[in-house]
Amino acid sequence: MIVKTAEFIISNTEVSKCPNDGLPEFAFIGRSNVGKSSLINMLTGKKNLAKTSGTPGKTQLINHFLINEKWYLVDLPGYGYAKSARSNRSKWEKFIAEFLSKRQTLQNTFVLLDARLEPQKIDLEFMSWCGERQLPFSMVFTKIDKLSSSALQKNLARYKKEMLKYWEEMPPVFTTSSESAFGKESLLQYIDKINV
Ligand code: GTP
Ligand code: MG
């Protein structure tokens, strides 16, 4: 799939104010700083479309980007940001939970995982949460330019082992780098395939 146009539409914390034109949505979620916004920029080929930062907690709102005038990429705030106040965290949980469970137009959630880390409790819990609600998701490993391919294979195998303790089969798995654009075609193709 070729991304011809990508435009920012709206940011907000209220699910009721998200676009209601019925177009399909694909959400990006994961820990703060895992590379959600960078991945959206990489996929669209627009460096400054979504705001990125070396400091965790950059994205605080639900951001809708319209692609090819036909579907949305949705950039979500990260979870597990240690500096967030507890009250902020529960606010996060509330509006993200609402977004993920109520949007009928949400086709898939991409759960981003730092390829350098062994399986993290917070990510496994989040994927279980999706599973309990029967929300379709895929695993997207980020920043693969930052480790050797053998280290990557090792972490992928660890994740698989951990996931298969709870799941009968693996969800789709992607490996990506926003630096080198590795994984761009596979992800866009996958979106194209499941896009209705
Ligand atoms: P929040 O909005 O705070 O939740 O973070 P985020 O998940 O949107 O992360 P963001 O895209 O802002 O990236 C965080 C940092 O990681 C930035 O310094 C990026 O440049 C860096 N980064 C993201 N993706 C990659 C990647 O694939 N490779 C490398 N080397 N760095 C990356
Ligand atoms: Mg972000």
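**Close-up views of a predicted model**

**Figure 1. Arg103 is a buried residue, with a relative accessible area of 15%.** The structure is a predicted model. Arg103 counts as buried because its value is under 20%. This residue is placed in the loop that joins helix H2 and strand E5. A polar atom of the Arg103 side chain lies 2.7 Å from the backbone oxygen of Pro19. When neighbours within four places in sequence are set aside, Arg103 is in contact with Val15, Cys18, Pro19, Glu25, His64 and Glu98.

**Figure 2. Phe99 belongs to the largest nonpolar core of the model.** This core has 33 residues, and those touching the most other members are Ile29, Leu76, Phe99, Leu100 and Met127. At least two core residues come from each of E2, strand E3 (62-67), E4, helix H2 (86-102), E5, helix H3 (121-132), E6 and helix H4 (149-163). Helix H2 gives the most, with 5 residues. With residues up to four places away in sequence not counted, Phe99 touches Val15, Cys18, Glu25, Ala27, Ile62, His64, Val74, Leu76 and Leu106. A second core, separate from this one, has 23 residues, among them Ala6, Phe28, Leu39 and Leu188.

**Figure 3. Helix H5, residues 184-194, has buried residues at Leu187, Leu188, Tyr190 and Ile191.** These residues are on the same side of H5 because they cover an arc of only 155° around the axis. The face turned away from the buried side carries Gln189 and Lys193, which are exposed. Which elements cover the buried residues of H5? The cover includes one helix, H1 (36-44). It also includes the strands E2 (25-30), E4 (71-75), E5 (106-114), E6 (137-142) and E7 (173-175).

**Figure 4. Ser37 is a residue of helix H1.** Its relative accessibility is 6%, so Ser37 counts as buried. The side chain of Ser37 has a polar atom 3.3 Å from the backbone oxygen of Lys51. Apart from neighbours within four places in sequence, the residues in contact with Ser37 are Ala50, Lys51, Thr52, Thr59 and Asp75.

**Figure 5. Glu162 of helix H4 is shown with its contacts.** Leaving out residues up to four places away in sequence, Glu162 touches Pro119 and Leu124. Glu162 and Leu124 are 38 residues apart in sequence, and their C-alpha atoms are 8.4 Å apart in space.

**Figure 6. The protein chain, as a setting for the close-up views, has 5 helices and 7 strands.** Along the sequence, these elements follow the pattern β-β-α-β-β-α-β-α-β-α-β-α. The C-alpha atoms fill a box of roughly 45 × 40 × 35 Å along the principal axes. The radius of gyration of the protein chain is 16 Å, which agrees with the value near 16 Å for a compact globule of 196 residues. Of the 196 residues, 47% are buried. Among contacts with a separation of 6 or more, 74% are between residues 24 or more positions apart. The protein chain exposes about 10500 Å², of which carbon and sulfur atoms supply 48%.

How values were computed
Residues are numbered from 1 along each chain as its sequence is written. Chains are lettered from A and ligands numbered from 1 in the order in which they are written. This is a predicted model: local features need pLDDT of at least 70, side-chain atom pairs count only at pLDDT 80 or more; totals for chains, interfaces and linings use all residues. Side-chain values use heavy atoms; hydrogens and water are left out. Buried means under 20% relative accessible area, exposed over 50%, partly exposed in between (1.4 Å probe, protein chains only). Helices (H or I, at least four residues) and strands (E, at least two) are DSSP runs, numbered from the N terminus. The arc is that of the directions from the helix axis to the C-beta atoms. Contact means heavy atoms within 4.5 Å. A nonpolar core is a set of buried Ala, Val, Leu, Ile, Met, Phe, Trp, Tyr and Cys residues joined through side-chain atoms within 4.5 Å. The radius of gyration is taken over C-alpha atoms; the globule rule is 2.2 Å times the number of residues to the power 0.38. Accessible areas come from the Shrake-Rupley method with a 1.4 Å probe; for residues, only the protein chains shown count as cover. A polar contact is a pair of N or O atoms within 3.5 Å; within protein, one must be able to donate a hydrogen and the other to accept it, and residues adjacent in sequence count only if both atoms are side-chain atoms.
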